[in-house]
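Visitor: I have a protein model with a ligand on my screen, and I would like to learn how to read it. Could you walk me through it?

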Amino acid sequence: MMRLLEGKVALVTGGGRGVGRGIALALAEAGAKVVVNDLGATLEGEASGEQPAREVVAAIEAAGGEATVDGGSVAEWNAAHRMVESAVERFGRIDIVINNAGILRDAMFHRMSEAEFDAVIAVHLKGSFNVSRAAAPHFKTQGSGCFVHMTSTSALVGNMGQANYSAAKLGVMALSKSIAMDMAKFGVRSNAVAPFAWTRMIDSIPDETPEQKKRVEGLKKLVPEKVAPFVVALCADEARDVTGQVFGVRNNEIYLFSQPRPVRTAHRGEGWTPETVLQTAIPTLKAGFYALDRSADVFTWDPV
Ligand SMILES: NC(=O)c1ccc[n+]([C@@H]2O[C@H](COP(=O)([O-])OP(=O)(O)OC[C@H]3O[C@@H](n4cnc5c(N)ncnc54)[C@H](O)[C@@H]3O)[C@@H](O)[C@H]2O)c1
């Protein structure tokens, strides 16, 4: 039987661990040849070697697949171009880009340093731009290509102590949508996925209070490999009409997220003054205001 991604070539950034590792293995199992990029970053973003990526490549090869390691940083424009070139040189083409590499530098906003903000934007947002932009000319020329970018409910819904990360991840969602629009005429697709997975990335969540402990116990049930089947499906030709969307995957649950649209309007023929805004517009709009929900306030049920 023909496998779903037979003949395709994929690049998975941050593919050495966690969610990216599961995706790299599943893409290979579906027949794709895979460039496993990972600089073996510590959670805070310091490079510590290619070992995790090498282990994933070894596992793919042991299962009869083809893969190669790339140890570059997505945050660097030239390195991002080299990882795409490495796919083309080694395997002859590039069909799939999974922007998954990530780091955290959590801090409450009033204590967040410039370095903490810049580092997270550089890997998640600029990194997703760098790698996508490097692949774009290949996708345009061949008239096909599939981007999947990892976003987060920390951005789509909200989370505390993650202003850098939330800003980057909502940026990633907008980047994905813009790529989908700009490149639709070349048969190129772009979607964002918010994974839920127990990886070292969320292992850094504090579990001191009983409430935090309960939450962390729930998070430990989230299997990173369970994100992969959905991502593989998105990359298949059978999903050719799926683009510009925002999805979520949490164990056996798959979500489609809404995208912002006006939910209420206030208008006044004679125009507004600050006073009439306060008297009329804000009370009118207030019925549609959102609470300061965090992701955990919205996803209140145990994962299925
Ligand atoms: N785990 C979750 O519940 C969760 C939730 C929402 C979003 N995400 C997103 O999913 C993606 C994967 O997260 P994870 O939980 O598997 O984390 P992880 O820390 O287990 O894996 C991330 C990988 O990215 C690599 N990396 C970091 N900086 C890099 C760089 N500059 N260049 C190349 N590789 C780099 C790391 O070495 C690491 O192996 C991230 O984008 C993350 O923001 C995860």
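Guide: Gladly! Keep in mind that this is a predicted model. Let's start at the ligand: there are 30 residues around it, and Val19, Asp38, Ala41, Tyr165 and Thr199 come nearest.

Visitor: Which polar atoms of the protein does an oxygen atom of the ligand approach?

Guide: For polar contacts, look for pairs of N or O atoms within 3.5 Å. Here, a ligand oxygen is 2.8 Å from a polar backbone atom of Asn100. Another pair puts a ligand oxygen 3.0 Å from a side-chain N or O atom of Arg200. A nitrogen of the ligand also takes part, at 3.0 Å from an N or O atom in the side chain of Ser73.

Visitor: And how much of the ligand's accessible area does the protein cover?

Guide: On its own, the ligand has 820 Å² of accessible area, and the protein covers 97% of it.

Visitor: What kinds of residues make up the shell?

Guide: Sort them by character: 14 are nonpolar, 12 are polar and four are charged.

Visitor: Which helices and strands supply at least two residues of that shell?

Guide: Helices H1 (18–29), H4 (114–142), H6 (163–183) and H7 (200–203) do, together with strand S6 (188–196). H7 gives the largest share, with three residues.

Visitor: S6 must belong to a sheet. How do I read one?

Guide: The general idea is that strands of a sheet pair through backbone hydrogen bonds, either parallel or antiparallel. In this model, follow the order S3-S2-S1-S4-S5-S6-S7-S8: an open sheet of eight strands with mixed pairing. Its edges are S3 (67–70) and S8 (253–256), each of which pairs on one side only. Ignoring direction, neighbouring strands are turned by 20° against each other on average.

Visitor: How many bridges join S5 to S6?

Guide: Six, and S5 (residues 145–150) runs parallel to S6. To find your place in the pair, look for His149, which stands opposite Ala192 in S6.

Visitor: Where does H6 lie relative to these strands?

Guide: Helix H6 lies across S5, S6 and S7 (246–250), and runs at about 160° to S6.

Visitor: One last feature: how do I read a residue's contacts beyond its sequence neighbours?

Guide: Set aside everything within four places in sequence and see what remains. Take Glu116, which lies in helix H4. With those neighbours left out, Glu116 is in contact with Arg105, Ala107, Arg111 and Asn164. You can also compare C-alpha positions: Glu116 and Tyr165 are 49 residues apart along the chain, with their C-alpha atoms separated by 9.6 Å. Tyr165 should look familiar, as one of the residues that come nearest the ligand.

Notes
Residues numbered from 1 in each chain as written. Predicted model: local features only at pLDDT ≥ 70, side-chain atom pairs only at ≥ 80, totals over all residues. Heavy atoms only, no water. Near = heavy atom within 4 Å. Polar contact = N/O pair within 3.5 Å; in protein donor to acceptor, adjacent residues only side chain to side chain. Areas by Shrake-Rupley, 256 points an atom, 1.4 Å probe, with all protein chains shown as cover. Nonpolar A, V, L, I, M, F, W, Y, C, P; charged D, E, K, R; others polar. Pairing = 2+ DSSP bridges. Axes fitted to C-alpha atoms, helices over the stretch in contact; angles between N-to-C directions. Contact = heavy atoms within 4.5 Å.
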